[in-house]
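Please look through the sequence and the model below before reading on. The paragraphs that follow lead from the chain as a whole to a few of its parts.

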Amino acid sequence: MAATGNEEQTLLPDIEEEAEGMEREMESEEEEEEGMGVEHSEEEDEEDTSEDELENEAEIQRLEEQLSINAFDYNCHVDLIKLLRQEGKLHRLRKARQKMSELFPLTEEIWLDWLKDEIRLTEDESDREKVYELFERAVKDYVCPEIWLEYVQYSIGGMGAQGGIERVRSIFERALTAVGLHMTKGASIWEAYREFEIVILSTVQPPPGSAPSQEQQELLNAQLERIHTLFRRQLAVPLMDMEGTYAEYSDWADDGVPEMVTRQYRRALQQLEKGKPFEEALLVSEPPKLAEYQAYIDFEMKEGDPARVQIIFERALAENCLVPDLWIKYTTYLDRQLKIKDLVLSAHERAVRNCPWTMGLWKSYLLALERHGADHQTVTDVFEKALNAGFIQATDYVEIWQSFLDYLRRRVDFSKEWSRELDELRAAFARSLDYLKQDVEERFSESGDLSCTIMQIWARIEALHCKNMQKARELWDSIMTKGNAKHANMWLEYYNLERSYGDASHCRKALHRAVQCTSDYPEHVCDVLLNFERVEGSLEDWDAAVQKTETKINRVNEQRARVAEKEALQARQEEEKAEHRRKAKADKKGQKKSQKVNRTGDKRKADDEYEEEWGEDAELPSKRLRGEDDFGSTATEELMETESGLFGRRAPPRKTEPPGFRKNQRASSEAPQQPQDVSKEQRIDENCVFVSNLAFNLDDPEGKLRALFQGCGTVQQVRPVFSMNGVFRGYCYVQFEDRLAVPEALKLDRKEVDGRPMYVSPCVDKNKNPDFKVFKYKTAMEKHKIFISGLPYTCTKETLEDLCKQHGTVKAIRLVTNRSGKPKGLAYVEYENEAQASQAVLKMDGSMLENFTLSVAISNPPSRKMEDKGVPSRLLGAAMPRQPQGARGKGRTQISLLPRSLYRQSTPDAKAENGTVSAPHTTETDGVHGGPGTTSPDTQSKSLSNEDFARMLLKK
């Protein structure tokens with residue numbers, strides 16, 4: 001927590017004067033050294049040192065300029081302080097630390113460095129007082145045992161001054177109150193306090209061999225009692241290594257440990273055992289340990305010790321200072337349970353300094369200030385800070401204004417006809433309306449108060465407390481002109497106000513206007529008007545109300561009928577469109593069937609021509625049997641595998657053609673295609689890249705890609721891949737003369753070509769590297785990168801950068817698109833460090849962009865599931881076992897195509913040993929030997945004739 005304004009004004013000038021004096025002394029010493037001719041032995045070291053100093057000075061100036069633009073850049077403050085401390089710029093270092101402490105609570109490390117630097121510079125008592133003030137500021141930011149320990153040790157150095165011992169004891173007592181219950185680190189404060197009192201004891205003891213006077217004996221007894229009290233107090237607190245403290249007290253006490261102390265010690269040991277699991281969980285978990293702290297807090301709240309609840313809250317907040325929910329939970333507990341003014345207000349102030357963007361914390365702070373009787377100027381100052389905190393929603397500003405106006409209203413004494421507080425309340429109401437209309441609406445494109453809640457409250461206050469119905473009516477007229485006249489509930493709210501504090505004439509006028517303007521619930525408004533005239537109106541008023549309501553209801557019914565007719569027409573049109581689509585789909589399916597039939601006829605005709613060309617008795621090429629070697633198309637198949645190697649697809653098998661057949665086919669083809677004559681040996685994978693996701697209708701792919709990759713290196717060849725019909729398949733190979741061009745070519749990955757992102761990847765033979773995967777982005781958690789979803793599809797990189805750079809330095813932005821280049825509404829934004837990314841998540845998550853709600857989180861992509869390695873492709877010439885399942889993994893059929901008469905029970909295969917297989921036992925079905933499945937030599941040598949099969953089928 002920053003010091004008050006007066007403390008800062010008195011402390012900073014003294015520090016600046018001292019720093020300037022020390023710098024002048026250092027400069028004079030340097031001048032003396034130069035005058036004496038002191039030189040370094042190595043001139044190169046001097047040059048290197050001067051260059052480093054110049055670089056550091058340039059970096060310091062850059063950081064200072066950046067802070068002048070954005071004073072809330074936390075990491076920039078930290079970097080500046082580190083550089084200034086490294087360079088020894090005392091004056092500028094103090095100013096940098098002072099500015100940072102005014103804006104942010106400082107961490108334990110920053111405070112300790114600052115305090116140690118200042119302690120080294122203390123020379124007289126006035127300097128010590130400045131350090132004491134600095135310690136007081138440090139212990140208010142967070143509860144840190146190390147800072148308190150440093151504080152008490154520093155205070156011991158001043159115990160020789162007047163009242164020094166009492167001052168040290170006072171600081172020790174405050175340290176015990178703050179961190180004495182810290183289960184793991186609190187014992188260090190207790191031990192330091194006890195050692196201090198033991199040292200004091202040695203100073204009051206009489207010299208050896210002399211009898212103490214009565215006064216000395218009283219001092220000695222009082223000091224001994226202090227030490228006994230410290231032992232007893234510490235043994236009643238559950239702390240780590242309590243057993244050692246108990247043993248030390250047993251040795252130190254002459255009369256032994258009292259029974260009461262032993263009981264308290266055992267009770268504290270039981271509490272320690274209960275808390276040990278939570279301490280161990282904190283010890284092994286990774287920061288920020290929020291879940292472990294939440295469980296610990298819930299445990300302590302069930303135990304019900306307020307002091308222990310407070311210390312565990314403080315420990316959790318020291319590591320999770322940017323979690324608003326934790327601050328809200330802590331301040332709520334203090335407001336409802338402890339209710340100690342200094343403690344409550346200190347926690348509220350630290351909460352809004354750590355999470356200034358959270359409106360709920362400012363609202364609770366204002367209520368706490370009012371609850372504990374803070375002066376009006378303090379409350380007003382806190383409210384003004386809240387307006388400058390930078391809330392992320394327009395409604396947050398409406399709520400904070402309502403809280404402040406409620407506070408001002410409670411200050412007014414309405415029994416007086418006029419008061420200064422009433423004028424201040426009215427001025428605040430007017431200012432709130434202007435603020436929402438100008439500042440908030442300019443930032444969020446809306447005021448956040450669509451139903452004009454603040455104006456309604458103002459009107460009710462004027463009517464109820466000030467008896468000023470004229471002002472209330474003016475406010476309601478303004479409310480209705482802001483688009484609320486069509487809502488029945490707004491008119492009824494105004495009617496109720498007139499009914500309570502106005503007159504019947506204005507009630508009637510309000511209801512007539514409501515009947516005329518309302519569009520959501522007109523029947524309800526008409527009923528209210530008729531009921532009002534039944535009670536208040538004359539016959540003429542009744543007739544006018546009936547006529548007006550009937551006209552309104554008739555008009556509404558006509559409008560509803562027109563809307564219903566329009567909706568019915570749209571529904572019919574949709575049905576007609578759906579029917580038209582169904583018919584078109586059926587026609588298209590019929591055309592596909594007819595084309596399939598035509599293709600079958602053409603195929604048969606081609607077979608007939610084939611037979612006529614070669615003749616019936618001509619020797620046709622034999623079909624390649626399963627397991628036989630290929631007939632020499634190895635090079636061709638290797639080429640097809642290479643062209644599709646990256647995707648792992650193999651080329652389809654080619655049929656054997658007779659000599660001259662391919663020549664005739666090319667001669668008769670109407671659209672010849674260029675052959676792919678590049679062999680696998682001609683392609684050097686190290687010099688080649690694979691380009692995919694190109695448009696199938698890309699004009700001149702070879703020329704375009706050659707021009708595109710020319711800047712990477714000398715392009716030796718561009719090989720686009722075409723289908724059998726000569727259609728470009730959307731991918732190609734680009735080969736360079738030098739392999740150094742490949743890394744430059746890979747940088748063009750996802751470059752847009754004809755509206756689609758072009759994918760560029762290394763050229764790898766998947767037959768040799770089947771597990772090769774290309775995925776350029778990390779799949780593990782990246783704490784310095786955020787993932788944004790819910791973006792509008794029209795969002796550009798520039799728009800997203802403008803949005804994200806408000807929370808830190810943006811290094812890279814990647815908008816996720818599909819294969820056609822269209823955005824998916826997702827993006828990854830990389831920040832300079834983890835703190836900036838966390839800040840962006842906290843402030844951007846749930847925010848709006850072009851009426852789209854953004855979801856922001858730390859980048860943690862789901863793990864990419866590795867595809868199951870399939871069965872390796874069979875080698876050329878290897879036998880392919882028959883698959884018991886179809887191509888999609890399902891059984892080809894569940895019906896046995898073998899007649900029951902031929903069915904024979906299968907026998908388990910015999911085990912093969914040393915390359916031989918024993919003949920299994922044969923079975924007989926219906927008295928027929930040698931059926932399928934038998935392995936006897938007779939049946940193997942003798943095959944069944946058609947007559948044998950006929951007899952088996954006809955036999956009953």
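An axis, as the word is used here, is a line fitted to C-alpha atoms, taken for a helix over the stretch in contact, and the angle between two axes is read between their N-to-C directions on a scale from 0 to 180 degrees. With that in hand, helix H32 (residues 834-844) can be placed: it lies across strands E6, E8 and E11 and runs at about 25° to E6. Before this region is built up further, the chain as a whole deserves a short account.

The model is a predicted one, and its average pLDDT over the chain is 79, with 75% of the residues scoring at least 70. Two stretches call for caution: over residues 1-41 the pLDDT is below 50, and this stretch has 40 contacts in the model beyond near neighbours in sequence, while residues 866-895 also have a pLDDT below 50, with 20 contacts in the model counted beyond near neighbours in sequence. Where pLDDT is low, the predicted coordinates should not be read in detail. The secondary structure of the chain amounts to 34 helices and 13 strands, and of its 956 residues 35% are buried. Among the contacts in the chain that link residues at least 6 apart in sequence, 61% join residues at least 24 apart.

Helices H3 and H4 offer a starting point. Two packed helices are described by the angle between their axes and the distance between the axes. For helix H3 (residues 74-87) and H4, the axes come within 9 Å and cross at roughly 160°. Because angles over 145 degrees count as roughly antiparallel, H3 is roughly antiparallel to H4. The crossing in which H3 passes H4 is left-handed. On the H3 side, the residues that meet H4 are Tyr74, His77, Val78, Leu80, Ile81, Leu84 and Arg85, and their counterparts in H4 are Arg92, Leu93, Ala96, Arg97, Met100 and Leu103.

One residue of this contact merits a closer look. Arg97 is found in helix H4 (residues 90-103), and is this arginine buried or exposed? Arg97 has a relative accessible area of 2%, and since buried means under 20%, Arg97 counts as buried. Residues up to four places away in sequence aside, Arg97 touches Ile81, Arg85, Asp113, Trp114 and Asp117.

His376 lies in helix H18 (residues 376-387) and, at 21% relative accessibility, counts as partly exposed. Its contacts, leaving aside neighbours within four places in sequence, are with Tyr407, Leu408, Arg411 and Glu424. Of these, Arg411 is 35 residues from His376 in sequence, and the C-alpha atoms of the two are 9.5 Å apart in space.

Further along the chain, strand E5 (residues 756-762) has five of its seven residues buried, so it is largely enclosed by the rest of the structure. Strand E1 (residues 688-692) pairs with E5 in the antiparallel sense over four bridges, and Ser692 has Tyr759 in E5 as its bridge partner. E5 is also joined to strand E4 (residues 751-753), by three bridges and again in the antiparallel sense, with Arg756 in E5 as the bridge partner of Val753. E4 and E5 form a hairpin with two residues between them, and Asp754 in the turn has a positive phi of about 55°.

The account now returns to the strands beneath H32. Which order do the strands of this sheet follow? They form an open sheet of four strands in the order E7-E8-E6-E11, with antiparallel pairing. Its edge strands are strand E7 (810-817) and E11, each of which pairs on one side only, and neighbouring strands of the sheet are turned by 25° against each other on average, direction ignored.

Taken pair by pair, E7 and E8 run antiparallel and are joined by seven bridges, among which Arg814 has Tyr828 in E8 as its bridge partner. E6 pairs with strand E8 (residues 823-831) over five bridges, in the antiparallel sense, and five bridges likewise join strand E6 (residues 782-789) to the antiparallel strand E11 (residues 855-859). Ile786 stands opposite Val829 in E8 and also opposite Ile858 in E11. Besides H32, helix H31 (residues 797-804) lies across strands of this region, namely E6, E7 and E8, and runs at about 135° to E7.

Note on methods:
Residues are numbered from 1 along each chain as its sequence is written. This is a predicted model: local features need pLDDT of at least 70, side-chain atom pairs count only at pLDDT 80 or more; totals for chains, interfaces and linings use all residues. Side-chain values use heavy atoms; hydrogens and water are left out. pLDDT is the predictor's confidence in each residue, from 0 to 100. Contact means heavy atoms within 4.5 Å. Two strands pair if DSSP finds at least two bridges between them. Buried means under 20% relative accessible area, exposed over 50%, partly exposed in between (1.4 Å probe, protein chains only). Angles under 35 degrees count as roughly parallel, over 145 as roughly antiparallel, 65 to 115 as roughly perpendicular and the rest as oblique. A crossing is left-handed if the near helix is turned anticlockwise from the far one by less than a right angle, and right-handed if clockwise.
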